[in-house]
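Trainee: I am new to this structure. Could we walk through it together?

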Amino acid sequence: MFFKRNEPFRFTFDQPITGKLYDTTNDGHLAINVSILDVSKNGAKVYCKDNIQLKSGKQIKLSYSIDDTSFDAIGTITWTKPSKTSYEMGIHLNTDDAYHSTMIQSLKKLKRMNS
């Protein structure tokens, strides 16, 4: 499988961080626990144990925290990859400059704390 990543910035976590995916087409009632493997300004790679109705093209909201800073972004699942015990997913997020700036500052702080 070929993944085309043209983003200049992608941060991979040493230990995945927890987050939640919400199905925006279901009034946000369907919440799925996910582990976030990496993030970029406009995307994320996550895995989860449950893949209830999560397919490519599905509109979602991703919520997570980095160093006590909460992030929420609406996006679209761009790809899914099943494995024996979980599913990996790529998500394109619709974000703005404030989200980018806050995320980069939080990641820098996290990196300093873990060094």
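Trainee: Is Phe71 buried or exposed?
Mentor: Let's begin with the scale: buried means under 20% relative accessible area, exposed over 50%, and partly exposed in between, using a 1.4 Å probe and protein chains only. Phe71 has 3% relative accessibility, so Phe71 counts as buried.

Trainee: Before we go on, what kind of model is this?
Mentor: This is a predicted model, where local features need pLDDT of at least 70, side-chain atom pairs count only at pLDDT 80 or more, and totals for chains, interfaces and linings use all residues. Residues are numbered from 1 along each chain as its sequence is written, and side-chain values use heavy atoms, leaving out hydrogens and water.

Trainee: How many aromatic pairs does a search of the whole structure find?
Mentor: Rings of Phe, Tyr and Trp (its six-membered ring) pair if their centres lie within 6.5 Å; planes under 30 degrees apart count as stacked, over 60 as edge-to-face and the rest as tilted. With that rule, the number of aromatic pairs found in the whole structure is three.

Trainee: Why is the pair of Tyr64 and Phe71 called stacked or edge-to-face?
Mentor: The ring centres of Tyr64 and Phe71 are 5.3 Å apart. Their planes meet at 20°, so this pair is stacked.

Trainee: And which kind of aromatic pair do Phe71 and Tyr99 form?
Mentor: Here the distance is 5.4 Å centre to centre. With 75° between the planes, the pair of Phe71 and Tyr99 is edge-to-face.

Trainee: How many residues apart in sequence are the parts that this pair ties together?
Mentor: Helices (H or I, at least four residues) and strands (E, at least two) are DSSP runs, numbered from the N terminus. Phe71 lies in strand 5 (residues 69-82) and Tyr99 in helix 1 (residues 97-114). The pair therefore ties together parts whose separation in sequence is 28 residues.

Trainee: Which residues do ring pairs link into a cluster?
Mentor: Two of the members are buried: Tyr64 has a relative accessible area of 4%, and Tyr99 is at 9% relative accessibility. The cluster linked by ring pairs consists of Tyr64, Phe71 and Tyr99.

Trainee: With which side chain does the side chain of Ser63 make a polar contact?
Mentor: Ser63 lies in strand 4 (residues 59-66) and counts as buried at 14% relative accessibility. A polar contact is a pair of N or O atoms within 3.5 Å; within protein, one must be able to donate a hydrogen and the other to accept it, and residues adjacent in sequence count only if both atoms are side-chain atoms. At 2.3 Å, the partner of Ser63 is the side chain of Asp72.
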